[in-house]
Amino acid sequence: MLVRRTVRPRGPGVAGFLHPYRFPGRRVSPAATRAASGGAATGRTRGDNRGMNPLLSRLQPYPFERLRQLFAGVSPNPAYRPISLGIGEPKHPTPAFIKQALAAAMETPGHDLALYPPTAGTPELRQACAGWLQRRYGLSVDAATQVLPVNGSREALFAFAQTVIDPGRPAVVVCPNPFYQIYEGAALLAGAQPYYAPSDPARNFAVDWDGVPEATWARTQLVYVCSPGNPTGAVMPLAEWEKLFALQDRHGFVIASDECYSEIYFRDEPPLGGLEAAAKLGRRDFRGLVAFTSLSKRSNVPGMRSGFVAGDARILKQFLLYRTYHGSAMSPIVQAASIAAWNDEAHVVDNREQYRRKFAEVTPLLEKVLDVRLPDASFYLWAGVRGSDTDFARDLLAQYNVTVLPGSYLAREAGGVNPGAGRVRMALVADTAECLEAAQRIVQFVQNRKP
Ligand SMILES: Cc1ncc(COP(=O)(O)O)c(C=O)c1O
């Protein structure tokens with residue numbers, strides 16, 4: 001999925017890349033940048049990178065790679081069976097009708113494997129996506145120009161940066177901190193510099209847009225929004241969207257709104273979508289805004305790789321062009337099953353109910369011993385552990401055989417602070433009984449821990 005780009009050297013070129021935020025006025029090598037940000041080496045050395053895209057060496061190890069390193073040499077207590085709250089992979093069963101739609105498509109001429117699918121998707125799929133936007137957010141979008149199917153939101157979030165960023169100009173990509181690591185990799189491989197805007201625990205983990213320096217906004221070409229957020233579960237309210245749109249009008253950047261957790265929520269009101277916010281604020285052409293939506297979590301089909309993007313028709317036209325060359329058309333079979341999934345809401349209501357019941361049982365237990373509360377949305381608990389998050393995760397595995405993800409692995413140090421430090425992410429994706437057992441073990445672990 002990587003794209004080789006020609007990056008016009010800026011000043012010292014890639015090897016002497018100037019990191020204006022962490023090291024004002026100093027030239028640092030990518031390796032030094034990695035070390036300074038607390039990232040372990042990717043295993044790649046300059047030597048085996050010869051002839052390769054040099055930007056690859058700037059990628060950070062994925063959180064689960066770091067977790068493997070943290071757990072190397074740890075022997076989990078064999079008295080307990082392993083429970084993982086580590087990976088954010090839905091575990092509720094895939095609805096039978098989606099599997100049946102997949103199987104039926106195989107036998108349906110025109111939807112089967114005998115054809116190359118169009119990158120833009122079938123009109124039926126685009127219409128199904130547009131219909132869902134109408135029902136979910138009350139939006140009227142043009143299915144022909146304002147919707148595009150994607151093979152899961154991850155590839156699309158990555159590819160989008162390659163489409164919209166002009167590496168010939170100073171390029172900054174602003175992303176939340178903590179954040180979904182694809183944003184950072186997408187920025188780096190597009191030849192841009194990530195800027196990590198921290199989320200503020202005192203304001204329900206709202207991203208501190210006001211803290212981004214004006215000079216940084218001036219160079220910003222792309223902003224990733226993640227609402228509901230991973231790992232915080234926070235939903236961005238309308239007032240924050242208004243602020244971000246005002247900044248966009250001033251500085252001309254594009255907004256990528258990652259909304260893959262939009263259907264798993266715990267409040268009465270469903271999470272506000274980016275396009276919905278734009279429409280409410282009179283930006284009916286969605287200028288400069290593209291929303292990323294996915295079936296993975298909504299319909300428990302992470303293996304199907306299906307989602308869609310919607311928004312600014314001018315940007316989507318270029319995104320389609322990029323995707324045509326990239327070769328990221330969706331399989332006709334997956335398209336057929338996706339139509340069935342987008343057109344059905346009953347399974348989504350049921351799925352949400354399962355999460356609500358699970359969180360209602362698990363959260364009060366953990367609240368007694370950790371700084372945690374029910375999030376707005378998503379399937380994560382983002383818990384303060386009072387102390388080192390990595391020690392917590394390592395000791396918990398050793399003593400109780402429960403895996404959680406250290407929060408510092410999901411964030412970057414910026415301004416001397418890693419906003420994920422002292423927190424862990426717990427994905428409540430397994431069934432309720434297993435999550436409850438994990439919670440009970442965590443309670444014991446915390447209560448027996450020496451301060
Ligand atoms: C915030 C966020 N965005 C996007 C994705 C990608 O999901 P998918 O590619 O399955 O749509 C994930 C997956 O965990 C995620 O947590």
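A molecule sits in a pocket if more than half of its atoms lie within 2 Å of the pocket's grid points. In this predicted model, the ligand meets that test in the largest pocket. Two elements give two or more residues each to the shell around the ligand: helix α5, residues 153-164, and helix α10, residues 295-298. Of the elements, α5 gives the most, with 3 residues.

Start with the shell itself. It holds 14 residues. The closest are Asp258, Tyr261, Ser294, Ser296 and Lys297. By class, the shell divides into 5 nonpolar, 5 polar and 4 charged residues.

Now turn to the polar contacts with the ligand. Lys297 uses its side chain: an N or O atom there is 2.7 Å from an oxygen atom of the ligand. Arg305 also uses its side chain, with a polar atom 2.7 Å from a ligand oxygen. Arg154 uses its backbone instead, placing an N or O atom 2.9 Å from an oxygen atom of the ligand. How much of the ligand does the protein cover? On its own, the ligand has 400 Å² of accessible area, and the protein covers 92% of it.

Next, follow helix α5. Ser153 lies in this helix. Is Ser153 buried or exposed? Its relative accessible area is 8%, so Ser153 is buried, because the cut-off for buried is under 20%. Ser153 also pairs in space with a residue far along the chain. Asp258 is 105 residues away in sequence, yet the two C-alpha atoms are 7.8 Å apart. Asp258 is also one of the closest residues to the ligand.

Further along α5 comes Gln162. Gln162 has a relative accessible area of 4%, so this residue too counts as buried. Where does its side chain find a polar partner? A polar atom of the Gln162 side chain lies 3.2 Å from the backbone oxygen of Phe158.

Finally, move to the loop between α10 and β9, the strand of residues 307-311. Ser306 has its place in this loop. With a relative accessible area of 1%, Ser306 falls under the 20% cut-off and is therefore buried. Which side chain does Ser306 contact? A polar contact of 2.7 Å joins its side chain to that of Ser338.

Taken together, the tour runs from the ligand in the largest pocket, through helix α5 with buried Ser153 and buried Gln162, to buried Ser306 in the loop between α10 and β9.

Notes: Residues are numbered from 1 along each chain as its sequence is written. This is a predicted model: local features need pLDDT of at least 70, side-chain atom pairs count only at pLDDT 80 or more; totals for chains, interfaces and linings use all residues. Side-chain values use heavy atoms; hydrogens and water are left out. A residue is near a molecule or strand if one of its heavy atoms lies within 4 Å of it. A polar contact is a pair of N or O atoms within 3.5 Å; within protein, one must be able to donate a hydrogen and the other to accept it, and residues adjacent in sequence count only if both atoms are side-chain atoms. Accessible areas come from the Shrake-Rupley method with a 1.4 Å probe; for residues, only the protein chains shown count as cover. On a 1 Å grid over the protein atoms alone, a cavity is a set of points where a 1.4 Å probe fits but cannot get out, and a pocket is an open set with protein on both sides within 12 Å along at least five of seven lines; lining residues have an atom within 4 Å of a point. Helices (H or I, at least four residues) and strands (E, at least two) are DSSP runs, numbered from the N terminus. Ala, Val, Leu, Ile, Met, Phe, Trp, Tyr, Cys and Pro count as nonpolar, Asp, Glu, Lys and Arg as charged, and the others, Gly among them, as polar. Buried means under 20% relative accessible area, exposed over 50%, partly exposed in between (1.4 Å probe, protein chains only).
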